[in-house]
Amino acid sequence: MIPRLFYAVIVAMLCSMPMRVMAESNENSFLAQNYLDVSPSVEHPVEYCGEVIANAGGGEFAPYYLMSNNFGVLTQPYSMLARISAKRTMDLNRRFSWGFGADLIGGFSSSRGYERFSIEDNSMVMIQRRPAAVRLQQLYGEVKYRSLFLTAGLKEVGSAMLNDRLSSGDLTWSANARPIPGLRAGFHGFENIPFTNGWVQINGELFYGRPSDNHWLEDHYNYENYFVTTGRWINYKRLYLRSNPHQPVSVTVGMQAAAIFGGTQNSYNDGRLVEQSKSSLGLGDFIDMLIPRQGDSYWTGNHLGSWDFKSSFRVDNKNELIAYFQWPWEDGSGIGKLNGFDGLWGVEYKRAGSGIVTGAVIEYLDFTNQSGPLHWDPEDFPGTTIVDWATGSDDYYNHFFYNGYAYYGLSQGTPFMTSPIYNRDGYMRFVDNKVRGFHVAVEGEVSRAVDYRAMFSWRQAWGSGYIPRVSKVSDTSAMLEVKWRVPSVSGLSVKGAVAIDRGEIFGNNAGVSVTVAYKGDLKIWKL
């Protein structure tokens with residue numbers, strides 16, 4: 001059963017929410033957000049940034065922590081990249097505001113071999129693939145009116161629940177993969193629900209996007225067996241409710257949901273197309289992603305998401321201790337929490353001021369239950385005498401019609417489950433989604449000019465429910481990153497990182513990266 005009530009609530013709230021609400025980003029002034037405009041003479045600058053990114057190391061891929069939760073910027077063991085960007089952020093103190101962003105990455109990256117079936121040789125051959133020399137990372141425009149916003153284009157958007165710098169990654173919508181082009185609308189931050197006197201706030205968002213990685217999928221698929229699906233669309237929505245954040249204890253609860261729909265599935269055997277299936281794509285299908293309905297045999301599209309919970313405890317009215325969890329679901333059994341202890345369980349510490357430790361995260365992740373090993377629907381087998389149901393084998397991030405829940409090979413959810421980009425045999429799905437482990441991260445300031453971030457994780461994997469491993473595999477990953485803000489040159493910084501992987505999941509990778517960045521403001525007009 002898909003949570004129709006959840007989707008209906010999201011749509012109703014986004015369409016009917018009154019405008020007289022208070023934005024979280026302007027908690028000190030309700031009037032400034034809803035009734036007053038900033039003086040037209042106030043300058044709102046354009047921020048620009050230029051970066052040179054270089055990394056080198058040993059192994060088949062860049063180490064896990066250099067790759068993960070970085071919007072797909074770095075994947076290869078050797079790279080020399082230049083990145084230039086400019087953006088104008090929306091002014092949240094005005095009733096109406098607008099913004100834009102442009103971000104371009106170019107340079108050289110080393111290649112990596114993937115297997116492909118050769119009809120001429122009647123065997124698998126190795127082909128070399130590398131990222132494009134130039135790519136558009138971001139290009140977007142956005143507008144805001146009071147509490148609502150609309151964004152169009154390519155924009156990096158991470159987790160609405162977790163700390164992308166320290167967490168292992170959101171289960172439904174993380175900062176791991178490249179941004180997807182599309183339209184995004186919702187509330188800009190949390191807003192007071194009328195008549196609750198500020199005790200209950202709401203946050204909601206709706207996104208429709210068209211992934212542009214068709215060529216990547218066709219270029220990395222092995223064409224020996226199974227399938228590759230291109231031309232798909234994606235829908236994302238969430239609804240969070242939060243208690244008053246000004247109190248010593250604040251609670252956030254809600255759900256995220258993503259759906260893949262449309263597209264064409266091509267199945268191959270020994271290099272030859274044996275079957276082609278197309279999923280419908282019309283106005284009704286876009287509506288069905290909001291309030292899904294069941295087709296002849298299955299629900300329209302591939303639906304997945306998470307139940308989310310977070311509780312914040314303010315210590316001495318300054319520092320915060322945050323406990324949170326995310327429970328994944330792929331169908332009705334997961335929504336009903338029949339998947340045992342599966343999920344992400346974490347604790348985060350936030351320091352209000354500077355210090356050796358300004359933030360820390362400890363997380364435990366478990367995806368081994370998946371509602372049990374069996375899935376049986378008697379309606380799939382007319383005439384069967386077995387009338388009982390078994391709604392297990394959730395097979396997280398995988399689907400019978402679509403590729404794994406990834407974009408350009410990188411997981412759109414948590415990178416803790418090995419992304420398809422690691423599958424050098426050209427298999428376009430998640431191989432190790434039955435995984436268990438932990439993640440630890442800490443950051444702080446060594447001095448006014450020097451920051452650091454350290455991360456460590458360990459995991460074991462058993463393959464998937466449908467294709468289990470003969471024996472379990474494990475992996476250990478770690479990273480230390482140091483950033484120096486050059487005191488004598490405002491806006492100039494140098495960041496260095498060293499990272500390592502050891503094990504059978506990500507491989508034995510080691511590497512270093514150096515990033516030199518310069519940021520500034522252009523005040524070329526007044527608004």
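This briefing describes charged pairs and a nonpolar surface patch in one protein structure. The structure is a predicted model. Side chains of opposite charge can pair when their charged atoms come close. Across the whole structure, a search finds 16 salt bridges. Several of these pairs are described below, followed by the patch.

**A salt bridge between strand S4 and helix H4**

- Arg116 and Asp219 form a salt bridge in which the closest N and O atoms are 3.8 Å apart.
- This pair links distant parts of the chain, since Arg116 belongs to strand S4 (residues 112-118) and Asp219 to helix H4 (residues 214-220), 103 residues apart.
- Asp219 has a relative accessible area of 18%, and because buried means under 20%, Asp219 is classed as buried.

**Salt bridges between strands S23 and S24**

- Asp451 forms a salt bridge with Arg485, and their closest N and O atoms are 2.4 Å apart.
- The pair of Asp451 and Arg485 also links distant parts of the chain: Asp451 is in strand S23 (residues 450-463), whereas Arg485 is in strand S24 (residues 468-485), 34 residues apart.
- Arg485 has a relative accessible area of 29% and is therefore partly exposed.
- Glu481 forms a salt bridge with Arg453, with 3.0 Å between the closest N and O atoms.
- Because Glu481 lies in strand S24 and Arg453 in strand S23, this pair ties together parts that are 28 residues apart in sequence.
- Glu481 counts as buried, at 8% relative accessibility.
- Its partner Arg453 also counts as buried, at 13% relative accessibility.

**A network of charged residues**

- A network of salt bridges links three residues, namely Arg83, Asp103 and Glu156.

**A nonpolar patch on the surface**

- Phe96, Trp98, Val143, Tyr145, Leu150 and Leu183 form a nonpolar patch on the surface.
- Together, the residues of this patch have about 550 Å² of accessible area.
- Strand S3 (96-109) and strand S6 (134-145) are the elements that give two or more residues to the patch.
- One of the patch residues, Phe96, lies in strand S3.
- Phe96 has 46% relative accessibility, and because partly exposed covers the range between the 20% and 50% limits, Phe96 counts as partly exposed.

Note on methods:
Residues are numbered from 1 along each chain as its sequence is written. This is a predicted model: local features need pLDDT of at least 70, side-chain atom pairs count only at pLDDT 80 or more; totals for chains, interfaces and linings use all residues. Side-chain values use heavy atoms; hydrogens and water are left out. A salt bridge is a side-chain nitrogen of Lys or Arg within 4 Å of a carboxyl oxygen of Asp or Glu. Helices (H or I, at least four residues) and strands (E, at least two) are DSSP runs, numbered from the N terminus. Buried means under 20% relative accessible area, exposed over 50%, partly exposed in between (1.4 Å probe, protein chains only). Patches are made of residues with over 30% relative accessible area and no salt bridge: like charges are joined within 9 Å, nonpolar side chains (Val, Leu, Ile, Met, Phe, Trp, Tyr) within 5 Å. Accessible areas come from the Shrake-Rupley method with a 1.4 Å probe; for residues, only the protein chains shown count as cover.
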